[in-house]
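Trainee: Please take one part of this model and go through it closely. Then show me what else is worth a look around it.

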Amino acid sequence: MAMTDAIVSVTGVRRAYGRKIAVDGADLTLSRGRILGLLGASGSGKSTLLRAISGLESIDAGTIVIDGQVVSRPGQRVPPEKRRVGMVFQDFALFPHLTVAANVGFGLKGRRDRDAVVAALLTRLRLADRGPAFPHTLSGGEQQRVALARALARDPAVILLDEPFSSLDSSLRAEVREDLVRALRESGTSAIVVTHDAEDAMIMADDLALMDAGRVIQTGTPQELYTRPTSVAAARLLGPLNLVDARVRQGLATSGLGQCATVLPDGEAWMGVRPSDLRLTEPGTGLQVQVESVGYAGAFRSIRVTSGLQALSVHVTHDAPAIGTVAGLAVDTARLMVLPRTGSGSGAAGR
């Protein structure tokens, strides 16, 4: 990617609170006009990194560049109001005593075109008739769209969203997520979305950055990271995973699940496969397993099977066999992952 395509560049950023390191040498690039999902578990450092980009946090090492301007380096921090950033907080942070229109126009005081800008944003975000309303009369989805309109009002170079769906119940989540993505696409605004939810990240983002223990451990498109993670930690951030012992010899990894090529050096490794890439078959075909438990998960059934001492998780969309059933297990070998034997990992099913 050419540097002119980067609207936000984070290089070697470190942020510590005493002896606790929250962000440790993070590198990150947001391309112009794209949505970047920053995905990690609670405490991984993703919100701290977002706050550093916004200017709410200083940094101890590294640099942050927004739209060609160095906005953070050790000993130097451009204040948030002088950065071309719009921030959408997880609690929306709307002013309860101001109307929707006044909330959206709050940062436009003194501009002659304030009313026109506010009206255009409310129309774009399907809030045209809500201008006189107060925040407490709005649904959660409407409040979020107001927060986004307020962030867009100052024509920022980038929108930063911190866990934008955490306060919404599951029935609203998909609808609001769709509205938010549509609004960002229509505005052409570059955005970074922090979330701990893999589904939200993969559906919303053009590009993903995975964080673990303060570090950005892998970047790429959602499909690349889901199908070709480079570590157990990265693989698990994007969904359930079965891991089994594997052995690498001359570029070929072998395990009880099968064989596949790898660039890892000779020695022990993990072989991983998603539960959705396993299929139960007739007894006598493939790996022989026994059904230990069946759970109903709405769109699929989660089945725990065992083969010897190995437990595996299988997701199926059809009726599940009875507990105790002996079956075959087929593996989509094209979906097998070979991962280095470093960090956390075990053969337990569906972790």
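Mentor: Start with one term. A residue is buried when its relative accessible area is under 20%; over 50% it is exposed, and in between it is partly exposed. By that rule, 47% of the 351 residues in the chain are buried. Keep in mind that this is a predicted model.

Next, the overall frame. The chain has 8 helices and 21 strands. Its C-alpha trace spans about 75 × 45 × 35 Å along the principal axes. Now look at contacts between residues at least 6 apart in sequence: 64% of them join residues at least 24 apart.

Our close look is at the largest pocket. Its volume is about 470 Å³. It is lined by 17 residues, and the closest to its centre are Val 85, Gly 86, Met 87, Arg 150 and Arg 154. Two elements give two or more residues to this lining: strand S7 (85-88) and helix H4 (140-152). S7 gives the most, with 3 residues. What classes of residue make up the lining of the largest pocket? There are 11 nonpolar residues, 3 polar and 3 charged.

Stay with H4, since it helps to line that pocket. Check its length first. The expected span is 1.5 Å times one less than the number of residues. H4 has 13 residues, so it should span 18 Å. Its end C-alpha atoms are 19 Å apart, which agrees.

Is H4 largely enclosed or largely open? Count its buried residues: 11 of the 13 are buried, so the rest of the structure largely encloses this helix. Among them are Gly 141, Glu 142, Gln 144 and Arg 145. Others on that list include Val 146, Ala 147, Leu 148 and Ala 149. Arg 150 is buried too, and Arg 150 is also one of the residues closest to the centre of the largest pocket.

What surrounds H4? Its buried residues pack against S7, helix H2 (100-104), helix H3 (114-124), strand S8 (158-162) and helix H5 (170-187). S7 appears here as a packing partner of H4, and S7 also gives residues to the lining of the largest pocket. So, in this part, follow S7 and H4 together: because 11 of the 13 residues of H4 are buried, it is a well-covered wall to trace.

Move along from S7. Ala 93 lies in the loop between S7 and H2. Its phi is positive, about 55°, although it is not a glycine. Is Ala 93 buried, partly exposed or exposed? Its relative accessibility is 33%, so it counts as partly exposed.

Compare another loop. Gln 250 sits between strand S12 (242-249) and strand S13 (252-255). Gln 250 is not a glycine, yet its phi is positive, near 50°. Gln 250 is exposed, because its relative accessible area is 68%.

S12 leads us to a sheet. S12 and S15 run antiparallel and are joined by 7 bridges. Ala 269 in S15 is the bridge partner of Ala 246. S15 also runs antiparallel to strand S21 (residues 337-340), with 4 bridges between them. There, Ala 269 stands opposite Pro 340. So Ala 269 can be traced in two directions: to Ala 246 and to Pro 340 in S21. How covered is S15 (residues 267-273)? Of its 7 residues, 6 are buried. As you trace it, recall a rule: in a regular strand, side chains alternate between the two faces of the sheet.

Helix H1 (residues 46-54) is also mostly covered, with 7 of its 9 residues buried. Those buried residues include Leu 49, Leu 50 and Ile 53. Lys 46, Thr 48 and Ser 54 are also among them. Just after H1 comes Gly 55, with a positive phi of about 100°.

Last stop: a cavity. The structure holds 1 cavity of 30 Å³ or more. The largest has a volume of about 30 Å³. Its lining includes Ile 35, Val 193, Asp 200 and Met 204. Strand S3 (35-40), strand S9 (190-195) and helix H6 (198-204) each supply at least two residues. H6 gives the most, with 3. By class, this lining has 5 nonpolar, 2 polar and 1 charged residues.

Note on methods:
Residues numbered from 1 in each chain as written. Predicted model: local features only at pLDDT ≥ 70, side-chain atom pairs only at ≥ 80, totals over all residues. Heavy atoms only, no water. 1 Å grid on protein atoms, 1.4 Å probe; cavity = no way out; pocket = protein on both sides within 12 Å on 5 of 7 lines; lining within 4 Å. Points joined across faces, edges and corners; volume = space filled by probe spheres on them. Nonpolar A, V, L, I, M, F, W, Y, C, P; charged D, E, K, R; others polar. Buried < 20%, exposed > 50% of the residue type's maximum accessible area, 1.4 Å probe, protein only. Contact = heavy atoms within 4.5 Å. Pairing = 2+ DSSP bridges.
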